[in-house]
Amino acid sequence: MLNLENVLTFTPVQFDIISHVLTIGYAAHFAGLAYFVLSRKNVAPRYRSMTTMSVVVMLSAALLLLRLDISFQQAFEFDGTNYVLADSTFSHGYRYLNWLIDVPLLLTQSLFVMNIAREKLFGLRVKLATGGVAMVVTGYIGQFYEVSDPTGQLLIWGAISTLPFIYFSLIFWKLCGDAIGYLPGEAAITMRNIRYLFAFAWGLYPIAYLVPVFAQTGNGAVTRTILFTVADVLSKIIYGIMLGKIATARSVEEGYEVDGYEWLKSSSKSDAES
Ligand code: RET
């Protein structure tokens with residue numbers, strides 16, 4: 001009975017909303033997968049590793065979110081009035097397994113569109129990736145206590161997990177700030193928006209983590225599914241699209257021909273001149 005959902009009974013409406021939101025979640029990541037594969041040619045070869053990382057993020061998220069939905073469908077059965085737990089339990093931990101892969105990728109992916117001195121690159125990757133892994137692993141341990149000890153162990157592990165979160169967020173924030181200074185017009189605006197997106201989307205995860213402290217109810221489970229799904233779509237798909245936009249803008253600036261994106265060159269030129 002580790003996770004919140006397993007101690008609850010869901011009305012058909014609550015069950016349907018959770019299952020629909022989980023479905024939108026993995027469908028969106030499969031769609032993102034197609035998008036990033038097809039838009040690879042819109043960036044110069046030196047930025048393609050970044051797009052590859054988006055492809056990997058999409059595939060891992062789509063599969064693990066699909067697994068999460070299957071776990072939910074298998075765990076509950078309709079008793080004529082409500083959805084009640086059947087012979088197996090729902091395992092929320094799959095989310096964290098997905099983050100374990102995706103968080104280090106998402107953080108280090110941004111370095112590809114930044115100007116980072118070669119000798120600093122490796123150290124930055126290590127700091128961002130280990131910070132990300134430490135946050136996810138400690139959060140993963142904490143979520144095992146969301147039913148048995150929501151005001152004790154859940155909060156303690158949540159607080160421990162927040163330390164690496166603050167650590168890598170400060171590094172990421174500073175790197176984006178530097179990039180806003182040197183990127184050409186359009187790309188700088190997108191980088192500024194990435195900073196806001198990061199603060200908002202990544203901030204939703206700890207809020208969703210805390211839901212069991214306040215609401216051990218069907219509506220609580222619905223709320224956290226929605227929060228996690230919105231956060232996932234923003235932090236992975238929208239973020240990847242925005243990084244791709246910066247990579248395209250930089251490619252065009254560097255003289256790489258991208259059909260339909262010539263306007264990026266003229267606009268960044270005139271911004272630089274004004
Ligand atoms: C946890 C535990 C409680 C404290 C904090 C957390 C932060 C989680 C974050 C997750 C981001 C996940 C992403 C996944 C992409 O696939 C672990 C919930 C601070 C920020 C971006």
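**Close-up views of a predicted model**

**View 1. Threonine 225 and the residues around it.** Leaving aside residues up to four places away in sequence, threonine 225 touches Ile18, Val21, Leu22 and Arg95. These contacts belong to a predicted model, in which threonine 225 is found in helix H7, the helix that covers residues 218-253. Although threonine 225 and isoleucine 18 are 207 residues apart along the chain, their C-alpha atoms are separated by 6.4 Å. Within H7, a polar atom of the side chain of threonine 225 lies 2.7 Å from the backbone oxygen of alanine 221. Is threonine 225 buried or exposed? Its relative accessible area is 5%, and because buried means under 20%, threonine 225 counts as buried.

**View 2. Glutamate 146 in the loop between H4 and H5.** Glutamate 146 lies in the loop that connects H4 with helix H5, where H5 covers residues 153-182. With a relative accessibility of 1%, glutamate 146 counts as buried, because this value is under 20%. What does the side chain of glutamate 146 reach at 2.8 Å? One such partner is the backbone nitrogen of leucine 4, and a polar contact of 2.8 Å also joins the side chain of glutamate 146 to the side chain of arginine 224. Not counting residues up to four places away in sequence, glutamate 146 touches several residues, among them Leu2, Asn3, Glu5, Leu154, Pro212 and Gln216.

**View 3. The ligand and its surroundings.** The ligand is surrounded by 17 residues, of which the closest are Trp99, Asp102, Met135, Tyr205 and Lys236. How much of the ligand's accessible area does the protein cover? On its own the ligand has 540 Å² of accessible area, and the protein covers 99% of this. For lysine 236, one of the closest residues, an N or O atom of the side chain is 2.7 Å from an oxygen atom of the ligand.

**View 4. A nonpolar patch on the surface.** Leu97, Leu100, Ile101, Val133 and Val137 together make a nonpolar surface patch of about 340 Å². Two elements, helix H3 (94-109) and helix H4 (118-143), each give two or more residues to this nonpolar patch. Which of them gives the largest share? The largest share comes from H3, which provides three residues. Valine 133, another member of the patch, has its place in helix H4. At 32% relative accessibility, valine 133 counts as partly exposed, because this value falls between the 20% under which a residue is buried and the 50% over which a residue is exposed.

Methods
Residues are numbered from 1 along each chain as its sequence is written. This is a predicted model: local features need pLDDT of at least 70, side-chain atom pairs count only at pLDDT 80 or more; totals for chains, interfaces and linings use all residues. Side-chain values use heavy atoms; hydrogens and water are left out. Patches are made of residues with over 30% relative accessible area and no salt bridge: like charges are joined within 9 Å, nonpolar side chains (Val, Leu, Ile, Met, Phe, Trp, Tyr) within 5 Å. Accessible areas come from the Shrake-Rupley method with a 1.4 Å probe; for residues, only the protein chains shown count as cover. A salt bridge is a side-chain nitrogen of Lys or Arg within 4 Å of a carboxyl oxygen of Asp or Glu. Helices (H or I, at least four residues) and strands (E, at least two) are DSSP runs, numbered from the N terminus. Buried means under 20% relative accessible area, exposed over 50%, partly exposed in between (1.4 Å probe, protein chains only). A residue is near a molecule or strand if one of its heavy atoms lies within 4 Å of it. A polar contact is a pair of N or O atoms within 3.5 Å; within protein, one must be able to donate a hydrogen and the other to accept it, and residues adjacent in sequence count only if both atoms are side-chain atoms. Contact means heavy atoms within 4.5 Å.
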